[in-house]
Amino acid sequence: MELRTINVIRYITPLREGGSLPAVAEADDEFKYVIKFRGAGHGARALISELIGGEIARLLGLRVPEIVFLNLDEAFGRTEGDEEIQDLLQASRGLNLGLHYLSGAVTFDPVVTQVDLGLASQIVWLDSFLTNIDRTVKNTNMLIWNKQLWLIDQGACLYFHYTWTNWEQQALNPFPMIKEHVLLSQASLLAEVNEEYTSKLTPEKIRDIVELIPDGWLNWDDMQTPQEMRDVYFGFLTERLAYSGRFVKEAQDARAILI
């Protein structure tokens with residue numbers, strides 16, 4: 001499994017609504033991307049969440065913009081007038097993450113657009129599995145593009161890696177925060193989705209996705225090598241999948257209270 005690696009040639013505009021100052025940029029393939037910077041607030045961990053979460057969603061058949069590695073040259077951004085942005089660019093030299101920019105897309109509004117029960121259940125299952133705390137009414141992190149629903153911004157997934165301790169126990173967390181999910185009330189087919197997705201998401205496929213994480217993003221734990229850290233991500237995801245009944249029941253119980 002591979003992602004394309006391309007070079008950023010033009011910084012276009014910051015997306016100020018993102019806490020980590022993502023931006024729209026142009027790459028040398030002549031396409032535009034939303035770039036997530038490893039020099040931003042949560043560092044490489046947010047990029048790892050985006051990478052793992054996005055590629056797992058894609059594997060399961062959900063719509064996610066193409067994810068690429070975006071390289072920032074050392075000289076890039078030296079002429080940027082905004083000091084905050086210039087500091088961000090300088091701190092992010094090297095490999096960053098980009099998502100294909102969906103030009104003309106509009107933010108998903110649950111009042112305006114109804115999602116069918118199957119798709120709602122798939123997205124709730126995914127976010128329960130990935131422990132995604134950020135797909136709420138306040139911030140849906142979904143777009144409507146070409147009349148289809150697209151998932152964006154998986155950077156709040158896998159929050160266990162901000163403590164990096166007791167990951168085995170955290171993998172068994174039923175994820176009570178699913179009660180805030182914007183699509184929970186429509187997710188009536190969680191049991192059926194769980195059966196489908198646990199057969200689709202094999203350990204071999206999880207390993208392929210985890211192996212995409214660059215060594216340079218795995219440098220915050222001096223006690224472990226990059227490969228050992230990848231093994232922790234793999235262990236967390238496979239353990240969580242093995243006990244998927246726990247987070248599915250949590251979501252079902254939360255939905256029962258909601259409706």
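**M177**

I started with M177 in this predicted model. Leaving out residues up to four places away in sequence, I find M177 touching I133 and Y159. I placed M177 in the loop that runs between α4 (167-171) and α5 (190-200). Buried or exposed, or something in between, I wondered about M177? Its relative accessibility comes out at 39%, so I put M177 down as partly exposed. I also checked its distance to E250: the two C-alpha atoms are 9.3 Å apart in space, with the two positions 73 residues apart in sequence numbering.

**The cavity**

Y159 came up again when I looked for enclosed space, since Y159 is one of the residues lining the largest cavity. How many cavities of 30 Å³ or more does the structure hold? I count one. The largest cavity has about 40 Å³ of space in it. Its lining is made up of T131, Y159, F160, Q170, N173 and F236. Sorted by class, I get three nonpolar residues, three polar ones and no charged ones in that lining.

**Helix α1**

Next I went to α1, which covers residues 44-59 and has 16 residues. From first C-alpha to last, α1 reaches 22 Å, close to the 22 Å expected at 1.5 Å a residue. How many of its residues are buried? I get 14 of the 16, so I noted α1 as mostly covered. Just after α1 I came across G61, which takes a positive phi of about 95°.

I picked L47 as a residue to follow inside α1. L47 is buried, because its relative accessible area is 2%, and the cut-off for buried is under 20%. Which residues does L47 touch, not counting those up to four places away in sequence? My list reads K36, F37, R38, N96, L97 and W217. For F37 I also took the C-alpha separation from L47, which is 7.6 Å for two residues ten apart along the chain.

**The nonpolar cores**

I56 was my way into the core. The largest nonpolar core has 61 residues, and I56 is among those with the most contacts inside it, along with W125, Y233 and L237. With residues up to four places away in sequence left out, I56 touches L126, F129, L130, L201, I209 and L237. I then found a second, separate core of 18 residues, including V8, V68, L88 and L89. As a reminder to myself, nonpolar side chains in soluble globular proteins tend to be buried together.

**L15**

I looked up L15 next and found it in the loop between β1 (5-14) and β2 (23-27). What does L15 touch, setting aside residues up to four places away in sequence? I wrote down P22, A23, V24 and V34. V34 sits 19 residues from L15 along the chain, and their C-alpha atoms are separated by 8.6 Å.

**Two positive phi values outside glycine**

I noted N141 because of its backbone: phi is positive at about 50°, although N141 is not a glycine. N141 is in the loop between α3 (117-129) and β7 (142-145). With a relative accessible area of 7%, N141 is buried.

K147 is my other entry here. Its phi is near 65°, again a positive value in a residue other than glycine. I found K147 in the loop between β7 and β8 (148-151). Is K147 buried or exposed? K147 is exposed, with a relative accessible area of 82%, where the cut-off for exposed is over 50%.

**I257**

My last stop was I257, in helix α8 (residues 244-258). Why does I257 count as exposed? Because its relative accessibility is 73%, and over 50% is what exposed requires. I also took a long distance from here: I257 and N166 are 30 Å apart in space, C-alpha to C-alpha, and 91 residues apart in sequence.

Note on methods. Residues numbered from 1 in each chain as written. Predicted model: local features only at pLDDT ≥ 70, side-chain atom pairs only at ≥ 80, totals over all residues. Heavy atoms only, no water. Helix = DSSP H or I, 4+ residues; strand = E, 2+ residues; numbered from the N terminus. Expected span 1.5 Å × (residues − 1). Buried < 20%, exposed > 50% of the residue type's maximum accessible area, 1.4 Å probe, protein only. 1 Å grid on protein atoms, 1.4 Å probe; cavity = no way out; pocket = protein on both sides within 12 Å on 5 of 7 lines; lining within 4 Å. Points joined across faces, edges and corners; volume = space filled by probe spheres on them. Nonpolar A, V, L, I, M, F, W, Y, C, P; charged D, E, K, R; others polar. Core = buried A, V, L, I, M, F, W, Y, C linked by side-chain atoms within 4.5 Å. Contact = heavy atoms within 4.5 Å.
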